[in-house]
Amino acid sequence: MHDVYLCPESDNYVPLSEISDYLLAAILISEDASFYGHRGFDWDEIENSFKTNIKRGRIARGGSTITQQLVKNVFLSGEKSITRKIKEALLAQKIEKSFSKNLIFEKYLNVIELGPGIYGVKRAAAHYFEKTPQQLNILESAFLAYLIPNPKEYSKIIGKERLTEFSRKRILTICRKLNLFKKITDEQYQTAENIINEF
């Protein structure tokens, strides 16, 4: 079991209103860009993931929405099976019918794994940057969003002298998407790119 509490009274819990807009945007853009427009499933993403996995002959890309990820993190085991995916789908539908998008996103941000034993954006912001989630800047937000697909592995770059080529590209891609979706200016993106390329 993980030491994760989803009650607002928990010391580790942070409401949506106290999280950096950069972080909110970075996670939405990298994990589920159409989150506020679907009802728990992104059929286009599922189709793209299916095609990619067939082409590569393995599970190379997921298609889970933020709601599905929340269900998996809170209610289900980590096993990969058709049965678990069906349960995930049914629970995601129920959650979408019962709660607002903002509440679903808030709960997700408070349970998401962002490193070994690090759950929720409040702990992650403190662990990596000694900041609150509200204080995170563009690159810090992009870094946390970069960790989500494989936090235990991707967080290994912490403490190293240089970023790997993969991590540099992924973080810059998130920053580029922030710029594309008008969440940061051209000048802010250029500054972020210059800083990342120094590492």
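**Notebook: salt bridges, core and rings**

I began at E113, which at 18% relative accessibility counts as buried (buried means under 20% relative accessible area, exposed over 50%, and partly exposed in between, with a 1.4 Å probe and protein chains only). I note that this is a predicted model, in which local features need pLDDT of at least 70 and side-chain atom pairs count only at pLDDT 80 or more, while totals for chains, interfaces and linings use all residues. Residues are numbered from 1 along each chain as its sequence is written, and side-chain values use heavy atoms, with hydrogens and water left out.

**Entry on salt bridges.** I searched the whole structure and found five salt bridges (a side-chain nitrogen of Lys or Arg within 4 Å of a carboxyl oxygen of Asp or Glu). In one of them the side chain of E113 meets that of K152, at 2.6 Å from N to O. Since K152 lies in helix α8 (residues 151-154) and E113 in the loop between α5 and α6, the pair ties together parts that are 39 residues apart in sequence. For helices I used DSSP runs (H or I, at least four residues; strands are E, at least two), numbered from the N terminus. K152, unlike buried E113, is partly exposed, with a relative accessible area of 46%.

I then looked at R168 and E165, whose closest N and O atoms are 2.9 Å apart in a salt bridge. These two are three residues apart in helix α9, and so are separated by about one helical turn. R168 counts as buried at 9% relative accessibility, whereas E165 is partly exposed at 47%.

**Entry on the core.** Which residues touch the most other members of the largest nonpolar core? Of its 50 residues, they are I27, F105, Y108, L109 and V121. At least two residues of this core come from each of α1 (21-31), α3 (66-75), α4 (82-98), α5 (101-111), α6 (121-129), α7 (138-147), α9 (165-180) and α10 (186-197), and α7 gives the most, with eight. By nonpolar core I mean a set of buried Ala, Val, Leu, Ile, Met, Phe, Trp, Tyr and Cys residues joined through side-chain atoms within 4.5 Å.

I listed the contacts of Y108 (heavy atoms within 4.5 Å): leaving out residues up to four places away in sequence, Y108 touches I27, E31, I66, Q69, L70 and I148. Turning to α3, I found its buried residues to be I66, T67, Q68, Q69, L70 and V71, and these pack against α1, α4 and α5.

**Entry on rings.** My search of the whole structure gave 10 aromatic pairs. F105 and Y108 have ring centres 6.4 Å apart and planes at 20°, so I recorded the pair as stacked. Rings of Phe, Tyr and Trp (its six-membered ring) pair if their centres lie within 6.5 Å, and planes under 30 degrees apart count as stacked, over 60 as edge-to-face and the rest as tilted. Both F105 and Y108 are buried.

Y128 and F143 make an edge-to-face pair, 5.4 Å centre to centre with 75° between the planes. Because Y128 lies in helix α6 and F143 in helix α7, this pair ties together parts that are 15 residues apart in sequence. Y128 is buried at a relative accessible area of 15%, as is F143 at 7%. I followed the ring pairs further and found that they link Y128, F129, F143, Y146, Y154 and F166 into a cluster.
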